[in-house]
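Trainee: Could you take me through one helix of this structure in detail, and show me how it fits with the rest?

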Amino acid sequence: MLPAVLITGAGKRIGAVLARAFGRAGWHVVLHVHHSPDAARELAATLPSAEVVQCDLLDGQAALEMIAAVAARLDDWRMLINCAAVFRYDDGAAIDPGVFAEAITVNAETPTRMAQAFLASARSRGGKRVIQFLDQKLLNPNPDFFSYTMAKQAFASGVTMLAMAQHDPATRVYGLAPGAMMPSFDQREEEHEASGRMNLLQRLTEPQELADAALFLAEGWAASGQTLYIDSGQHLLAQSRDVLFLAREA
């Protein structure tokens with residue numbers, strides 16, 4: 001029986017990179033998707049051991065039922081990676097209530113409840129690990145994508161508190177905070193080439209670096225509650241706007 005990992009948002013982008021990395025490393029990969037089941041099934045077919053589950057993370061009860069169903073059928077479910085997120089625009093001038101409600105649910109409330117359910121119900125032979133995907137904006141905030149950033153701040157506080165609530169030293173909860181890594185929102189590829197280098201090292205951070213960090217957290221012994229920043233030092237800067245706008249205005 002292979003150790004299992006469930007990755008949310010695994011049908012495309014960073015989630016798909018993570019799925020491939022864990023598949024190559026010998027894990028059974030449960031790919032969660034909402035809008036892209038066909039892409040997830042195609043990806044699962046290329047992995048040594050994988051399955052696909054589908055759920056809208058706006059529906060918190062459905063997400064908990066998904067966790068319960070996976071926990072009931074897997075004998076060694078060691079890891080949950082909450083990678084899925086919504087990234088919609090509003091700014092410091094006025095919160096968009098609809099954008100905020102969606103962001104706080106999908107980017108903070110539901111994945112935190114999923115982590116709690118996983119920690120309470122999954123059967124594991126080697127301890128349980130949770131990785132919550134955060135953002136370098138935690139330490140380098142700006143008023144763009146205001147609701148998104150507020151939700152990620154709430155999510156980050158949950159990482160600390162969930163880690164403190166665990167009593168088994170083999171159970172660990174981590175944050176993983178990427179920087180500008182792939183074209184986002186309405187960016188064109190050439191804009192990302194510029195914005196992706198707006199970090200201390202002036203380099204494009206590769207998605208595989210995130211996957212390598214996730215594998216380290218899955219198998220290493222970093223202290224629970226820590227957050228790793230995989231952003232070539234972007235979080236150490238003070239950027240007045242989201243880099244996609246800084247690149248567009250340059």
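Mentor: Among contacts (heavy atoms within 4.5 Å) between residues at least 6 apart in sequence, 71% join residues at least 24 apart. Please keep in mind that this is a predicted model, in which local features need pLDDT of at least 70 and side-chain atom pairs count only at pLDDT 80 or more, while totals for chains, interfaces and linings use all residues. Residues are numbered from 1 along each chain as its sequence is written, and side-chain values use heavy atoms, with hydrogens and water left out.

The protein has eight helices and seven strands, taken as DSSP runs numbered from the N terminus (helices are H or I, at least four residues; strands are E, at least two). Its radius of gyration, taken over C-alpha atoms, is 17 Å, close to the 18 Å of the globule rule (2.2 Å times the number of residues to the power 0.38), so the protein is as compact as a globular protein of 250 residues. Of these 250 residues, 56% count as buried, meaning under 20% relative accessible area with a 1.4 Å probe, protein chains only.

Now to our helix, α5, which covers residues 146-165. Its 20 residues should span 28 Å, at 1.5 Å times one less than the number of residues, and its end C-alpha atoms are 29 Å apart, which agrees. Its buried residues include Tyr148, Lys152, Phe155, Val159 and Leu162. A general point helps when you look at a helix: there are 3.6 residues a turn, so residues three or four places apart point the same way.

What covers the buried residues of α5? The cover includes the strands β4 (77-82), β5 (129-133) and β6 (172-178), along with helix α4 (97-121).

Those three strands belong to an open sheet of seven, in the order β3-β2-β1-β4-β5-β6-β7, with parallel pairing; two strands pair if DSSP finds at least two bridges between them. At the edges are β3 (50-54) and β7 (227-230), each pairing on one side only. Neighbouring strands are turned by 20 degrees against each other on average, direction ignored.

The helix α4 also lies across β4, β5 and β6, running at about 175 degrees to β4. Such angles run from 0 to 180 degrees between N-to-C directions, with axes as lines fitted to C-alpha atoms, for helices over the stretch in contact. Another helix, α3 (residues 60-73), lies across β1 (4-7), β2, β3 and β4, at about 155 degrees to β3.

Key
Buried means under 20% relative accessible area, exposed over 50%, partly exposed in between (1.4 Å probe, protein chains only).
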